[in-house]
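Here are my notes from going through the model, written for someone new to reading structures. Keep the viewer open as you go.

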Amino acid sequence: MRSSLQTVYLARHGQTEGNVQGRWQGQLDSPLTALGRAQARTVAELVAEEPVDAVFCSPQGRAAATAQVCGERLGLPVVALDELAELHHGAMAGMSPDEMEQAFPGELARRRQDKYRWRFPGGESYEDAVPRAARALARVEASGARHPLLVSHEMIGRLLQHHLRRVDVATALAGGHPQGVVYRVDVGTGEMTTLREA
């Protein structure tokens, strides 16, 4: 059945203290830096002239803070969806890669061998989160929105692209999502364009 969504705007939260420290946050939280707050304002300006009719975000504070700036600029309420939370990093949450290697020797090498199915110890894999990303989009569609902005995270954002662009998982996982940039996805064609500061 054809989706009633027409255009979906995907944004990542602004830079956090954890990002600066090189820590993988998962579902933990970390405050936005001054640059992160500026990136949130950039995202808000990038979508200000677009036909955005709803704003949804991850329940993590860094995404909610970014979305709130956008909501205020657009004059729209912000709705948090649990399904937009970042992949659960389990026992590795809050660690740097060096700390991960020390606590879980060899796990990051195993992750590189099968990024899709590898699961964070006590957490999620990309494979685990694929249905969650689909549920998030179903909830957004059920809201009646046609041109929503979704503010979430890099990892879950890849899975949103997987569904919206109808690309295979390998293609979705190969991409990233810089902060301060918005991806505009035409749901009918799966075409994605990047909105960024001139």
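Which helices each supply at least two residues of the lining of the second largest pocket? Keep that in mind; point 1 has the answer. One caution before we start: this is a predicted model.

1. **The second largest pocket.** The helices asked about are α6 (126–142) and α7. Of these, α6 brings the largest share of the lining, four residues. The pocket holds about 150 Å³ of space. Try colouring its lining: Ser3, Leu5, Ala134, Leu137, Ala138, Glu141, His163, Leu164, Arg166 and Val187. Sorted by class, that gives six nonpolar, two polar and two charged residues.

2. **The largest pocket.** This one has about 240 Å³ of space. There are 16 residues in its lining, and the closest to the centre are Arg12, Glu86, His89, Glu154 and Met155. Helix α7 turns up again here, giving the most to the lining with three residues. The class split is two nonpolar, six polar and eight charged. Put that beside the six nonpolar, two polar and two charged residues of the second largest pocket, and you have a nice pair to colour by class.

3. **The cavity.** Searching the whole structure turns up one cavity of 30 Å³ or more. About 40 Å³ of space lies inside. To find it, select Leu10, Ala11, Arg12, Ser152, His153, Gly157, Leu160, Gln161 and His177, which line it. The elements giving two or more residues to this lining are β1 and α7 (154–165). By class, the lining has three nonpolar, five polar and one charged residues. Did you spot Arg12? It lines the cavity and is also among the residues closest to the centre of the largest pocket.

4. **The sheet.** Now hide the helices and look at the strands. You should see an open sheet of six strands, in the order β3-β2-β4-β1-β5-β6, with mixed pairing. At the edges sit β3 (78–80) and β6 (192–195), each pairing on one side only. On average, neighbouring strands are turned by 25 degrees against each other, direction ignored.

5. **One strand pair up close.** Zoom in on β1 (residues 7–12) and β5 (residues 182–186). These two run antiparallel and are joined by five bridges. For a concrete example, pick Val8: its bridge partner in β5 is Val185.

6. **Helices across the sheet.** Bring the helices back. α2 lies across β1, β4 (148–152), β5 and β6, at about 35 degrees to β5. α3 lies across β1, β2 (54–57), β3 and β4, running at about 170 degrees to β2. So far as the strands go, β1 and β4 appear under α2 and under α3.

7. **Where the two helices meet.** How do α2 and α3 cross, right-handed or left-handed? The crossing is right-handed. The axes of α2 (residues 34–48) and α3 (residues 61–74) come within 8 Å and cross at roughly 40 degrees. On the α2 side, the contact uses Ala40, Arg41, Val43, Ala44, Glu45, Val47 and Ala48; these meet Thr66, Val69, Cys70, Arg73 and Leu74 of α3. By class, that contact has eight nonpolar, one polar and three charged residues.

Conventions. Residues are numbered from 1 along each chain as its sequence is written. This is a predicted model: local features need pLDDT of at least 70, side-chain atom pairs count only at pLDDT 80 or more; totals for chains, interfaces and linings use all residues. Side-chain values use heavy atoms; hydrogens and water are left out. Axes are lines fitted to C-alpha atoms, for helices over the stretch in contact, and angles run from 0 to 180 degrees between N-to-C directions. A crossing is left-handed if the near helix is turned anticlockwise from the far one by less than a right angle, and right-handed if clockwise. Contact means heavy atoms within 4.5 Å. Ala, Val, Leu, Ile, Met, Phe, Trp, Tyr, Cys and Pro count as nonpolar, Asp, Glu, Lys and Arg as charged, and the others, Gly among them, as polar. Two strands pair if DSSP finds at least two bridges between them. On a 1 Å grid over the protein atoms alone, a cavity is a set of points where a 1.4 Å probe fits but cannot get out, and a pocket is an open set with protein on both sides within 12 Å along at least five of seven lines; lining residues have an atom within 4 Å of a point. Grid points are joined across faces, edges and corners, and a volume is the space filled by probe spheres set on the points.
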